Amino acid sequence: MNKECKDIIDRVRSEFNENITEDLLKNIIEFSKKKVFKKGELILRMGEPMSKMYFIIKGIARSYYIDMQGNDVTKSFIKEYDFCIGESLFTNKISEEGFEALEDIVALEFDAKKIKEYLLSEKVLTDIYIKKLEETIIYKMNRENGFQIKSATERYLEFKRSYYEIENRVNQSCIASYLGVSPVSLSRIRRTIREE
């Protein structure tokens with residue numbers, strides 16, 4: 001096993017569940033192939049079905065959609081050791097969201113159907129799969145609540161807590177669209193917070 005593979009296995013075990021055996025992770029890696037995306041490259045275009053799933057090893061991506069007014073809206077950020085998965089993976093329909101590399105990305109690419117079958121065939125992996133689905137549901141509920149009951153400043157502070165390690169790595173216009181504000185408003189919010 002090469003050092004890169006060993007590093008991935010060690011990080012995944014510490015991140016998700018130390019009870020995952022090295023053999024299980026080796027099997028998962030065997031399902032994958034290494035994929036590189038350059039900054040600005042689209043990982044998935046809107047209107048395409050999602051047949052691949054990505055596990056980001058290095059770099060940051062975003063999921064986004066175009067709203068009814070034609071605005072580019074950042075839905076979420078996907079950072080190192082997160083999965084890049086769209087809703088179309090579960091619905092078997094074309095994707096209404098796109099995925100873009102915000103930095104150069106190194107990822108493991110999986111055939112979505114095959115890896116899902118494997119994850120559901122091993123209890124420890126099924127438990128992790130369920131945990132990640134639950135985390136996604138909670139994230140979506142908190143995000144929806146944020147737009148209904150929080151100010152733009154509160155949403156920004158929540159972003160800083162959730163994505164503290166990427167704020168200086170991504171374009172401010174992406175952060176502004178994630179928060180539902182203009183870049184000018186985001187600058188004003190950041191300036192106000194610094195002055196307090």
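Begin with the lining of the second largest pocket, which by class has five nonpolar, three polar and five charged residues; the model on screen is a predicted one. To find this pocket, select Tyr 65, Thr 74, Lys 75, Arg 143 and Phe 147, which lie nearest its centre among the 13 residues that line it. The space inside comes to about 240 Å³, and the elements that give two or more residues to its lining are S5 and helix H5 (123–149). Colour H5 next, since this helix gives the most to the lining, with five residues.

From the pocket, move to strand S4 (residues 61–66) and select Arg 62, which is found there. Is the residue buried or exposed? Arg 62 counts as buried, because its relative accessibility is 5%, under the 20% limit used for that term. Display its side chain and look for two acidic partners: one polar contact goes to the side chain of Asp 72, at 2.7 Å, and another to the side chain of Glu 100, at 2.8 Å. If you then show the surroundings of Arg 62, leaving aside residues up to four places away in sequence, the residues that it touches include Val 73, Thr 74, Phe 77, Phe 99, Leu 102, Cys 174 and Ser 177. Thr 74 was already selected at the pocket, as one of the residues nearest its centre.

As a last stop, follow strand S5 (72–78) into the loop that leads to strand S6 (83–84), and select Tyr 81 in that loop. Its backbone deserves a look, as Tyr 81 has a positive phi of about 65° although it is not a glycine. With 9% relative accessibility, Tyr 81 also counts as buried.

Conventions: Residues numbered from 1 in each chain as written. Predicted model: local features only at pLDDT ≥ 70, side-chain atom pairs only at ≥ 80, totals over all residues. Heavy atoms only, no water. Helix = DSSP H or I, 4+ residues; strand = E, 2+ residues; numbered from the N terminus. Buried < 20%, exposed > 50% of the residue type's maximum accessible area, 1.4 Å probe, protein only. Polar contact = N/O pair within 3.5 Å; in protein donor to acceptor, adjacent residues only side chain to side chain. Contact = heavy atoms within 4.5 Å. 1 Å grid on protein atoms, 1.4 Å probe; cavity = no way out; pocket = protein on both sides within 12 Å on 5 of 7 lines; lining within 4 Å. Points joined across faces, edges and corners; volume = space filled by probe spheres on them. Nonpolar A, V, L, I, M, F, W, Y, C, P; charged D, E, K, R; others polar.
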